Amino acid sequence: MTFSICVREEYTDDDGERHTRFGVAVTTRLPGVGTLCPFVSENGAVATQSLVNVELGRKGIDYVDDGLAVEDALQSLLNADDGAEQRQLHGVDADGTFTFSGEECQGWYGHTSGENYTVAGNLLAGESVVEAVASTYESDAFGDAPLAERLIDALEAGHAEGGDKREHLPVQSAALQVETTAGESFGGYYDDLRVDATETPVADLRETYEEARRGEEILREEYADELDGTDELDGTDELDGTDELDGT
């Protein structure tokens, strides 16, 4: 019912400094997937799904933040989880990737990975869903468009291949999160988005993303003088400085 992608990208900013960004995007035929499956920090990205154990994601990203390699972090959590064979868990950190699909996952389920990304899904229309997500990301990896936009492109490709096979479930959801070692960019308006209950999750996530980008552009224009070449304004403060779910 769920498919997701985790990504790591190294890049050079406008000042010539090297940074790493991490992203995760997910969609499913249940509401509120953004509260359950995606976890990201400036050190890695993790997705937990199938018979969801949210602690695998929370603790997994915490362990990565503490310096543990993603493979060691996630495998150690699975080793301590009595329901591991019902889980899907995957992620990336600065140096590696990890993928796991338990033998008791349902429907078509499976995963794939590349040098800097992982993709996994269960209860899908078929393997082509995961393949479409991976190939679409690969076709524009490290591209000029923001990572959030390219993650939506990848979800859209999987959705077009049939996505979650349970067509009798009308309420769906989608979410994305992106973090970078460069720190928050102008409030990060389009890097942490959720659509919690809709019949068109990926299309609605894209619309939400586009509106968030538009809002950022408006604020950049409105406060151009105050920003003065920085990314520090978050758009909320005054300028004077005051102020465990089954089946996913």
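S50 sits in strand β4 of this predicted model. Its phi is positive, about 65°, although S50 is not a glycine. S50 is also buried, since its relative accessible area is 7% and the cut-off for buried is under 20%.

L123 is another residue with a positive phi that is not glycine; its value is near 50°. L123 belongs to strand β8, which covers residues 117-124. L123 counts as buried, at 12% relative accessibility.

**Strand β2 and its partners**

How many of the 11 residues of strand β2 are buried? The number is 10, so β2, residues 18-28, is largely enclosed by the rest of the structure.

Strand β1, residues 2-12, pairs with β2. The two run antiparallel and are joined by 11 bridges. V7 stands opposite G23 of β2. Together β1 and β2 make a hairpin, with five residues between them. The turn includes G16, which has a positive phi of about 80°.

β2 also pairs with strand β9, residues 172-180. This pairing is antiparallel as well, with eight bridges. Here R21 of β2 faces T180 of β9.

In a regular strand, side chains alternate between the two faces of the sheet.

**S173 in strand β9**

S173 lies in strand β9. S173 is buried, because its relative accessible area is 0% and under 20% counts as buried. What does the side chain of S173 reach at 2.5 Å? The partner is the backbone oxygen of L30.

Neighbours within four places in sequence are left aside in the contacts of S173. The remaining contacts include V26, T27 and T28. L30, P31, G32 and V33 are also among them. So are V195, D196 and P201.

**R194 in strand β10**

R194 is found in strand β10. R194 is partly exposed, with a relative accessible area of 38%. The side chain of R194 makes a polar contact with the side chain of D196 at 2.8 Å. D196 is also one of the residues in contact with S173.

Not counting residues up to four places away in sequence, R194 touches G34, T35, A174, A175 and L205. R194 and V26 are 168 residues apart along the chain, and their C-alpha atoms are separated by 9.7 Å. V26 is itself among the contacts of S173.

**Helix α1**

Does the length of helix α1 agree with or depart from the span expected at 1.5 Å a residue? Its 12 residues, 54-65, should span 16 Å. The end C-alpha atoms are 17 Å apart, which agrees.

Which residues of α1 are buried? They are V54, L56, G57, G60, I61 and V64. These cover an arc of only 165° around the axis, so they lie on the same side of α1. They pack against β3 (38-41), β4 (44-50), α2 (70-79) and β5 (87-93). One of these elements, β4, is the strand that holds S50.

Both ends of the helix have a local feature. At the N-terminal end, N53 acts as a cap. A side-chain oxygen of N53 lies 3.1 Å from the backbone nitrogen of E55. After α1 comes G67, with a positive phi near 105°.

**An aromatic pair**

A search of the whole structure finds two aromatic pairs. In one of them, the ring centres of Y190 and Y209 are 5.6 Å apart and the planes meet at 80°, so the pair is edge-to-face. Y190 lies in the loop between β9 and β10 (192-198), and Y209 in helix α5 (residues 201-222), so the pair ties together parts that are 19 residues apart in sequence. Y190 counts as buried at 14% relative accessibility. Y209 is buried too, with a relative accessible area of 3%.

**Accessibility by residue**

The table gathers the relative accessible areas.

| Residue | Relative accessible area | Class |
|---|---|---|
| S50 | 7% | buried |
| L123 | 12% | buried |
| S173 | 0% | buried |
| Y190 | 14% | buried |
| R194 | 38% | partly exposed |
| Y209 | 3% | buried |

Conventions
Residues numbered from 1 in each chain as written. Predicted model: local features only at pLDDT ≥ 70, side-chain atom pairs only at ≥ 80, totals over all residues. Heavy atoms only, no water. Buried < 20%, exposed > 50% of the residue type's maximum accessible area, 1.4 Å probe, protein only. Helix = DSSP H or I, 4+ residues; strand = E, 2+ residues; numbered from the N terminus. Pairing = 2+ DSSP bridges. Expected span 1.5 Å × (residues − 1). Arc of directions from axis to C-beta. Contact = heavy atoms within 4.5 Å. Polar contact = N/O pair within 3.5 Å; in protein donor to acceptor, adjacent residues only side chain to side chain. Phe/Tyr/Trp six-rings, centres within 6.5 Å; stacked < 30°, edge-to-face > 60°.
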